[in-house]
Amino acid sequence: MCEHGDTVILELPIVGDIRCGSADIDRCIAPIIKAMNAGGIITKACCCGHGKVMGYIQLADGRYLGVFPNRRTIMKHRHEKLMGDSATGP
Ligand SMILES: [Zn+2]
């Protein structure tokens, strides 16, 4: 994960009411954001989390994608969510 403020400027598409234009994107996820938008998956906002919190990519359709630094981190997050859900279930 890059440090807060380590960004690159991407020219993103302007689609409907989503006016991205030039945007400062966290350096470590900039290639992903660029590829998604080039492929027609329009993003509205994003943050890599900078190794401190879970990162996200907000899509134009309202969904959010999580950004994790590695497999161990996402598996830990999933385990905690599953255990939390089972503890509060019926
Ligand atoms: Zn980063």
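Two residues are taken to be in contact if their C-beta atoms, placed from the backbone, lie within 7 Å. In this predicted model, I33 touches L10, I25, T43, C46 and I57, residues up to four places away in sequence not being counted. I33 itself is found in helix α1, which spans residues 30-38. Because I33 has 21 C-beta neighbours inside 10 Å, this residue counts as buried. The C-alpha atom of I33 is separated by 8.9 Å from that of L12, a residue 21 places apart from I33 along the chain.

The largest nonpolar core consists of nine residues, and I33 is one of them. The other members are I25, C28, I29, A30, C46, C48, I57 and V67. Among the contacts of I33, I25, C46 and I57 also belong to this core. Within the core, C28 is in contact with C48. Outside the core, C28 is in contact with M1 and C2, neighbours within four places in sequence again being left aside.

Three strands form an open sheet in the order β3-β4-β5, and their pairing is antiparallel. Strands β3 (43-47) and β5 (64-67) stand at the edges; each has a single partner strand, so one side of each is left without a neighbour in the sheet. From one strand to the next, the twist averages 15°. The antiparallel pairing of β3 with β4, the strand of residues 55-59, extends over four bridges. In this pairing T43 stands opposite L59 of β4. T43 is also one of the residues that I33 touches, and I33 lies in helix α1.

Methods:
Residues numbered from 1 in each chain as written. Predicted model: local features only at pLDDT ≥ 70, side-chain atom pairs only at ≥ 80, totals over all residues. Helix = DSSP H or I, 4+ residues; strand = E, 2+ residues; numbered from the N terminus. Buried ≥ 20, exposed ≤ 12 C-beta atoms within 10 Å, placed from the backbone. Core = buried A, V, L, I, M, F, W, Y, C linked by C-beta atoms within 7 Å. Pairing = 2+ DSSP bridges. Axes fitted to C-alpha atoms, helices over the stretch in contact; angles between N-to-C directions.
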